[in-house]
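Student: I should like to learn how to read a structure feature by feature. Where should one begin?

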Amino acid sequence: MTEKYRDFLGWTIYQIYPRSFQDSNGDGIGDLRGVISRLDYLKDLGINAVWLCPCYKSPNEDNGYDIADYRDIMDEFGTMADMKALISELHRRDMKLILDLVPNHTSTQHRWFRESRKSRDNPYSDYYYWFDCPPNDWKSCFGGSAWQFDPARQQYYLHSYAVGQADLNWENPTVVREMQEVVDFWVDLGADGFRIDVIDQISKDFPGDRNCFGPRLHEYIRDLFDRDSTRKLFTVGECWAGDIAEVRRHCAPERGELSTLFQFDHLNVGREDKFTHRPGPMAELWDILRNWEEKMQENDLLYSLFTDNHDNCWLLERVGDTGPLRYASATAIAAMVYLMRGVCFLYQGQEIGMVNPHYDSIDDFNDVESKNQYTELLEEYSREEALEKINFGSRDNNRRPMCWDGSAQGGFTTGKPWIPLHSAHATLNLQADQASKQSVWRFYRDLLHLRKTHPALTTGSFRAISQPGDSYCAYERREGAERLLLVCNFEKAGTIDLPGASGAVLLSNYGHAEKTDTHYEPYEMALFAL
Ligand code: GLC
Ligand code: CA
């Protein structure tokens with residue numbers, strides 16, 4: 001792989017949802033000081049970079065993705081001094097900071113918007129999309145029309161997300177410059193990279209029918225990141241690129257755009273739509289991942305390996321077992337995904353095998369998407385059915401406070417948490433997991449440390465060995481003389497007989513130091529040196 005991205009193959013990035021990670025002052029809201037207090041935990045787990053979801057000034061209509069000031073910290077999360085302390089504490093531990101950059105929209109409370117709405121003729125008037133009448137029928141991703149009438153300016157503005165998130169007009173060169181300055185501001189403070197929110201939407205196919213992948217998208221991305229060749233920023237786009245040609249256009253090193261992007265195909269396994277469950281077999285997950293892994297490798301691109309984030313319910317809930325085989329399935333999925341070739345992302349709580357909580361009332365939810373969706377669902381479904389769907393698909397499933405221990409507030413806060421804790425926090429928490437013989441956390445830690453000590457697992461090549469239709473997956477990673485073979489059985493016990501799959505194992509989720517038989521239990525995996 002080209003030198004430019006090669007280092008990133010060794011990275012494991014831990015995504016933190018700051019509001020729910022660790023509270024340090026008892027107000028029930030996670031904060032930056034809380035994050036600092038957990039850095040040793042992360043380092044020990046094998047993490048070398050932290051991606052912080054937005055922590056800028058925000059009225060929190062969409063929990064920080066509605067930014068009111070790009071250069072200041074949300075009051076609840078702390079101060080700029082806390083942010084500087086976090087950066088230096090990370091760097092002191094040889095860890096990186098990846099910030100969330102949200103260039104597509106601002107809060108309607110941002111100064112730019114407050115100015116913009118005042119009149120049709122002011123220095124900020126063209127910072128957003130304003131029209132006398134909605135020029136198309138675009139819908140907001142959170143339900144309803146994407147056009148909102150503003151009584152002050154007597155015009156409609158575009159909001160692809162919540163009403164309080166107005167889309168910036170990138171056709172305006174001043175907007176591009178503003179966002180460049182935001183990037184520079186954080187790089188100068190010590191940020192090592194960015195996760196870029198809905199980057200595909202900053203150029204719109206306007207007034208056509210696509211609110212994304214507009215004609216100037218690549219130009220804008222280069223405007224942001226291709227200005228200073230001495231910078232070694234890591235950039236990962238939230239970009240719904242559907243095929244490899246599109247990924248190449250964003251990530252081929254010579255293009256000066258993104259280091260990598262999140263490819264989301266595999267997240268659809270195990271659901272009909274975001275709020276409707278359909279049990280998904282591991283084979284389906286494997287097929288999609290293998291396919292992308294091979295294409296990324298052929299094209300010399302950096303693949304982003306992830307299973308969870310703050311926008312989707314736990315993968316374990318859709319693929320895998322949330323009952324007696326929770327440990328086995330969580331670790332099998334972890335092995336299958338994170339022994340592949342790519343840069344690794346873990347979402348907070350994933351390392352203890354989290355599953356969805358359950359609540360009896362919509363009042364126990366906070367997320368704007370879930371609340372809007374619930375109202376829409378009630379038009380078609382009974383209260384119980386609607387709530388069932390919210391319980392399955394709500395983004396709050398992954399936004400509940402991190403369960404550190406079994407105490408009353410889960411070790412997250414000494415006060416009242418901003419959102420109810422996970423309904424099973426008394427038993428499903430880090431402390432309990434660490435004390436268990438079957439510790440998902442220990443498995444992740446062992447796996448991540450193996451990645452650090454075996455070049456085959458980072459820079460090594462990937463070669464699939466199992467065939468489509470097999471009831472297991474097997475692949476080889478190879479770097480120089482080192483060859484490692486992963487064998488990972490799916491849901492049902494069975495026989496797997498592969499050359500080399502015998503003898504000492506480097507990693508096992510069934511407690512084997514060596515494996516000589518060909519029988520595999522459900523979700524059993526083993527990593528062999530060939
Ligand atoms: C992205 C974020 C999501 C947010 C949306 C609007 O999809 O991941 O959490 O609600 O963009 O910013
Ligand atoms: Ca706090």
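Tutor: Let us begin with a definition. A cavity is a set of grid points where a 1.4 Å probe fits but cannot get out, and its volume is the space filled by probe spheres set on those points. Please keep in mind that this is a predicted model.

Student: What does rolling a probe over the atoms show?

Tutor: Rolling a probe the size of a water molecule over the atoms shows where empty space is left. In this structure the count comes to 7 cavities of 30 Å³ or more. The largest cavity holds about 100 Å³ of space, and the second largest holds about 70 Å³.

Student: Which residues line the largest cavity?

Tutor: The lining includes Thr307, Asp308, Trp314, Leu315, Leu316 and Tyr444. Helices α10 and α11 (326-338) each supply at least two residues of this lining. By character, the lining residues divide into 7 nonpolar, 3 polar and 1 charged.

Student: How do the residues of the lining of the second largest cavity divide?

Tutor: They divide into 6 nonpolar, 4 polar and 1 charged. Among the residues that line this second cavity are Trp314, Gln348, Asn397, Arg400 and Cys403. Trp314 also appears in the lining of the largest cavity.

Student: Let us turn to accessibility. Is threonine 12 buried or exposed?

Tutor: A residue is called buried when its relative accessible area is under 20%. Threonine 12 has a relative accessibility of 3%, and therefore counts as buried. This residue is found in strand β1 (residues 12-16). Leaving aside residues up to four places away in sequence, threonine 12 touches Gly46, Ile47, Asn48, Ala49, Cys344, Leu346 and Leu448.

Student: Which residues are buried in helix α13?

Tutor: In α13 (residues 383-393), the buried residues are Ala386, Leu387, Lys389, Ile390, Asn391, Phe392 and Gly393. What covers them includes the strands β14 (271-273) and β15 (276-277), together with the helices α10 (315-318) and α12 (368-378).

Student: How should I read a metal site? Which residues coordinate the calcium ion (ligand 2)?

Tutor: One looks for the donor atoms around the metal and then for their spacing in the sequence. The calcium ion (ligand 2) is coordinated at 2.2 to 2.4 Å by Asp23 (OD), Asn25 (OD1), Asp27 (OD), Ile29 (O) and Asp31 (OD). In sequence, these donor residues are spaced D-x1-N-x1-D-x1-I-x1-D.

Student: Is aspartate 23 buried or exposed, and is asparagine 25 buried or exposed?

Tutor: Aspartate 23 has a relative accessible area of 7% and is therefore buried. Asparagine 25, at 52% relative accessibility, counts as exposed.

Student: Finally, how does one read a sheet? What is the order of the open sheet of 3 strands?

Tutor: One reads the order of the strands and then the sense of their pairing. The order here is β7-β9-β8, and the pairing is antiparallel. β7 (130-131) and β8 (147-150) stand at the edges, each with a single partner strand, so one side of each has no neighbour in the sheet. Strand β9 (residues 155-158) is joined to β8 by 4 bridges. One bridge pairs tryptophan 147 with leucine 158 in β9.

Student: In what order do the 6 strands of the other open sheet stand?

Tutor: The order is β18-β19-β20-β25-β22-β23, again with antiparallel pairing. The edge strands are β18 (461-464) and β23 (514-515); each has a single partner strand, so one side of each is left without a neighbour in the sheet. Strand β22 (residues 503-508) pairs with β23 over 2 bridges, and the bridge partner of glycine 503 in β23 is lysine 515.

Notes. Residues are numbered from 1 along each chain as its sequence is written. Chains are lettered from A and ligands numbered from 1 in the order in which they are written. This is a predicted model: local features need pLDDT of at least 70, side-chain atom pairs count only at pLDDT 80 or more; totals for chains, interfaces and linings use all residues. Side-chain values use heavy atoms; hydrogens and water are left out. Buried means under 20% relative accessible area, exposed over 50%, partly exposed in between (1.4 Å probe, protein chains only). Contact means heavy atoms within 4.5 Å. On a 1 Å grid over the protein atoms alone, a cavity is a set of points where a 1.4 Å probe fits but cannot get out, and a pocket is an open set with protein on both sides within 12 Å along at least five of seven lines; lining residues have an atom within 4 Å of a point. Ala, Val, Leu, Ile, Met, Phe, Trp, Tyr, Cys and Pro count as nonpolar, Asp, Glu, Lys and Arg as charged, and the others, Gly among them, as polar. Donors are N, O and S atoms within 2.8 Å of the metal (3.2 Å for Na, K and Ca); water is not among the atoms, so sites may look incomplete. Two strands pair if DSSP finds at least two bridges between them.
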